[in-house]
Amino acid sequence: MNNGANPLIPTGWEFLVTGISAALIILLVVAVVRLARSSAVTAGERLGLLVFCLIFPVLGPICTLVILARRESVRR
């Protein structure tokens with residue numbers, strides 16, 4: 001009945017899932033903050049990129065950060 005594993009101690013798999021989730025949340029927050037502070041995009045583009053970030057949790061923030069970096073480098 002008792003296999004010796006303590007159910008209160010997280011397993012390696014749970015740490016991995018928690019770490020990936022934390023990384024995705026941090027990536028989303030960084031993308032949204034950079035998007036909010038950027039003057040390189042219009043209000044409509046900002047809304048579209050925000051929706052894109054929320055619909056596609058991995059690809060959205062990465063694409064948003066790439067687009068912002070390219071637009072800001074062109075403006076300089």
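This is a short guided tour of the structure, stop by stop, with a selection to make at each one. Keep in mind that the model is predicted.

**Stop 1: the nonpolar patch**

Start on the surface. Select Trp-13, Leu-16, Val-17, Ile-20, Leu-24, Val-58, Ile-62 and Val-66, and show them as spheres; together they form a nonpolar patch with about 710 Å² of accessible area. Now colour by helix. Which helices each supply at least two residues of the patch? They are helix 1, spanning 12-37, and helix 3, spanning 59-75. Helix 1 gives the largest share, with five residues.

Pick out Leu-16 as an example from helix 1. Leu-16 has a relative accessible area of 44%, so this residue counts as partly exposed.

**Stop 2: Val-58, in a loop**

Stay with the patch and centre on Val-58. This member of the patch sits in the loop that runs between helix 2 (43-55) and helix 3. Its relative accessibility is 43%, which makes Val-58 partly exposed.

Next, show what surrounds Val-58. Once neighbours within four places in sequence are set aside, Val-58 is in contact with Leu-24 and Leu-27. Draw a distance between the C-alpha atoms of Val-58 and Leu-24: the value is 6.8 Å, although the two residues are 34 residues apart along the chain. Leu-24 is itself one of the patch residues.

**Stop 3: Thr-64 and Leu-49**

Hide the surface and select Thr-64, which belongs to helix 3. Is Thr-64 buried or exposed? Its relative accessible area is 0%, so Thr-64 is buried. Leaving out residues up to four places away in sequence, you will find Thr-64 touching Ala-31, Leu-35, Leu-49 and Cys-53.

Follow one of those contacts to Leu-49, which is part of helix 2. Leu-49 counts as buried too, because its relative accessibility is 11% and the buried class takes in values under 20%. The C-alpha atoms of Leu-49 and Thr-64 are separated by 6.3 Å, with their positions 15 residues apart along the chain. Show the other partners of Leu-49 as sticks: with residues up to four places away in sequence left out, Leu-49 touches Leu-35, Val-41 and Ile-67 as well as Thr-64. Leu-35 is thus listed for Thr-64 and for Leu-49.

**Stop 4: the cysteines**

From Thr-64, step to its contact Cys-53, and add Cys-63 to the selection. How many disulfides are there? The count is zero. The sulfur of Cys-53 has its closest cysteine sulfur in Cys-63, at 8.6 Å, and that is too far for a bond, because a disulfide needs the two sulfur atoms within 2.5 Å. The surroundings of the two residues are worth a look as well: Cys-53 is buried at 1% relative accessibility, whereas Cys-63 is partly exposed at 26%.

**Stop 5: the aromatic pair**

Searching the whole structure turns up one aromatic pair. Select Phe-52 and Phe-56 to see it: the ring centres are 5.1 Å apart and the planes make an angle of 55°, a tilted arrangement. Both rings belong to partly exposed residues, with relative accessibility of 28% for Phe-52 and 41% for Phe-56.

**Stop 6: the salt bridges**

Finish with the charged side chains, where the whole structure holds two salt bridges. For one of them, select Glu-72 and Arg-34, whose side chains meet at 3.0 Å, N to O. Glu-72 is in helix 3 and Arg-34 in helix 1, so this pair ties together parts that lie 38 residues apart in sequence. Glu-72 is partly exposed at 21% relative accessibility, and so is Arg-34 at 31%.

Then move to Arg-71 and Glu-45, which form a salt bridge with their closest N and O atoms 2.8 Å apart. Here helix 3 provides Arg-71 and helix 2 provides Glu-45, so the pair ties together parts 26 residues apart in sequence. Arg-71 has a relative accessible area of 33% and is partly exposed; Glu-45, at 31%, is partly exposed as well.

Methods
Residues are numbered from 1 along each chain as its sequence is written. This is a predicted model: local features need pLDDT of at least 70, side-chain atom pairs count only at pLDDT 80 or more; totals for chains, interfaces and linings use all residues. Side-chain values use heavy atoms; hydrogens and water are left out. Patches are made of residues with over 30% relative accessible area and no salt bridge: like charges are joined within 9 Å, nonpolar side chains (Val, Leu, Ile, Met, Phe, Trp, Tyr) within 5 Å. Accessible areas come from the Shrake-Rupley method with a 1.4 Å probe; for residues, only the protein chains shown count as cover. A salt bridge is a side-chain nitrogen of Lys or Arg within 4 Å of a carboxyl oxygen of Asp or Glu. Helices (H or I, at least four residues) and strands (E, at least two) are DSSP runs, numbered from the N terminus. Buried means under 20% relative accessible area, exposed over 50%, partly exposed in between (1.4 Å probe, protein chains only). Contact means heavy atoms within 4.5 Å. Rings of Phe, Tyr and Trp (its six-membered ring) pair if their centres lie within 6.5 Å; planes under 30 degrees apart count as stacked, over 60 as edge-to-face and the rest as tilted.
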